[in-house]
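Grab a pencil and work through these exercises with the model open beside you. Try each task before you read its solution.

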Amino acid sequence: MIVLAGAVLYFSNPSEALHLKTLNARATNESGEFLGAIRSMVQAVNPDVTYHNFYVFSLMKRRDKIMSFGALRVVIPTGE
């Protein structure tokens with residue numbers, strides 16, 4: 001049973017692209033369409049933004065602050 005749960009978590013771990021998509025959608029909603037698009041492009045080329053894959057869950061960080069948490073194909077943006 002534990003092996004099955006681990007396999008489900010492993011294979012449903014969100015990708016880096018899904019994290020970025022969620023963060024870009026959040027930026028657009030918060031800033032409006034035009035400003036959100038600009039903010040998303042700036043974040044996309046920002047070297048401080050890093051993806052961390054822990055196999056059963058994943059995090060997107062910027063300067064050691066968690067921007068999003070993901071598990072089971074769901075990405076939840078944090079208050080950052």
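A residue counts as buried when its relative accessible area is under 20%, as exposed when it is over 50%, and as partly exposed in between. Keep in mind that you are looking at a predicted model.

**Exercise 1: The overall picture**

Work out which elements the protein chain has, in what order they come, and what share of its residues is buried.

Solution. Start by counting: the protein chain has 3 helices and 4 strands. Next, walk along from the N terminus, and you'll meet the elements in the order α-α-α-β-β-β-β. Now turn to burial: of the 80 residues in the protein chain, 28% are buried. As for the outside, the accessible surface is about 5400 Å², and carbon and sulfur atoms account for 67% of that. Finally, take the contacts between residues at least 6 apart in sequence: 49% of them join residues at least 24 apart.

**Exercise 2: Putting the sheet together**

Find the order of the strands in the sheet, and say which strands sit at its edges.

Solution. Go through the strands pair by pair.

- Step 1. S1 and S2 are antiparallel and share 5 bridges. For an example across this pair, look at Thr50, which has Lys61 of S2 opposite.
- Step 2. S2 and S3 also pair in the antiparallel sense, over 5 bridges. Here Met60 has Ser68 in S3 as its bridge partner.
- Step 3. S3 and S4 run antiparallel too, joined by 4 bridges. Ser68 turns up again in this step, standing opposite Pro77 in S4.
- Step 4. Put the pairs in a row and you get an open sheet of 4 strands in the order S1-S2-S3-S4, with antiparallel pairing. The edge strands are S1 (49–53) and S4, each of which pairs on one side only. On average, neighbouring strands of this sheet are turned by 20° against each other, direction ignored.

What holds such strands side by side? Strands of a sheet pair through backbone hydrogen bonds, either parallel or antiparallel.

**Exercise 3: Positive phi in the loops**

Look between the strands and find residues with a positive phi.

Solution. Take the loops one after the other.

- Step 1. The hairpin of S1 and S2 has 4 residues between its strands, and Tyr55 in this hairpin has a positive phi near 70°.
- Step 2. In the loop between S2 (58–62) and S3 (65–71) you'll find Arg63. Arg63 isn't a glycine, yet its phi is positive, at about 50°. Is Arg63 buried or exposed? Its relative accessibility is 56%, so Arg63 counts as exposed.
- Step 3. S3 and S4 form a hairpin with 2 residues between them, and Leu72 in the turn has a positive phi of about 55°. Leu72 is another residue other than glycine. With a relative accessible area of 48%, Leu72 is partly exposed.

**Exercise 4: A nonpolar patch on the surface**

Leu72 belongs to a nonpolar patch on the surface: name the residues that form it.

Solution. The patch is made of Met1, Leu4, Val8 and Leu72, and together they have about 460 Å² of accessible area. Now place the members along the chain. Met1 comes in the segment before helix H1 (2–11), while Leu72 lies in the loop between S3 and S4 (74–77). Last, check Met1 for burial: at 81% relative accessibility, Met1 counts as exposed.

**Exercise 5: A histidine in a helix**

Decide whether His19 is buried or exposed, and find what it touches.

Solution. First locate His19: it belongs to helix H2 (residues 16–31). Then check its accessibility: the value is 0%, which is under the 20% cut-off, so His19 counts as buried. Now look for its contacts, leaving aside neighbours within four places in sequence. Among them are Pro14, Tyr51, Ser58, Leu59, Met60, Ser68, Phe69, Gly70 and Val75. Met60 and Ser68 should ring a bell, as they are the bridge partners from Exercise 2. To finish, compare sequence and space for one contact: His19 and Phe69 are 50 residues apart in sequence, and their C-alpha atoms are 8.1 Å apart.

Definitions and conventions
Residues are numbered from 1 along each chain as its sequence is written. This is a predicted model: local features need pLDDT of at least 70, side-chain atom pairs count only at pLDDT 80 or more; totals for chains, interfaces and linings use all residues. Side-chain values use heavy atoms; hydrogens and water are left out. Buried means under 20% relative accessible area, exposed over 50%, partly exposed in between (1.4 Å probe, protein chains only). Patches are made of residues with over 30% relative accessible area and no salt bridge: like charges are joined within 9 Å, nonpolar side chains (Val, Leu, Ile, Met, Phe, Trp, Tyr) within 5 Å. Accessible areas come from the Shrake-Rupley method with a 1.4 Å probe; for residues, only the protein chains shown count as cover. A salt bridge is a side-chain nitrogen of Lys or Arg within 4 Å of a carboxyl oxygen of Asp or Glu. Two strands pair if DSSP finds at least two bridges between them. Axes are lines fitted to C-alpha atoms, for helices over the stretch in contact, and angles run from 0 to 180 degrees between N-to-C directions. Contact means heavy atoms within 4.5 Å.
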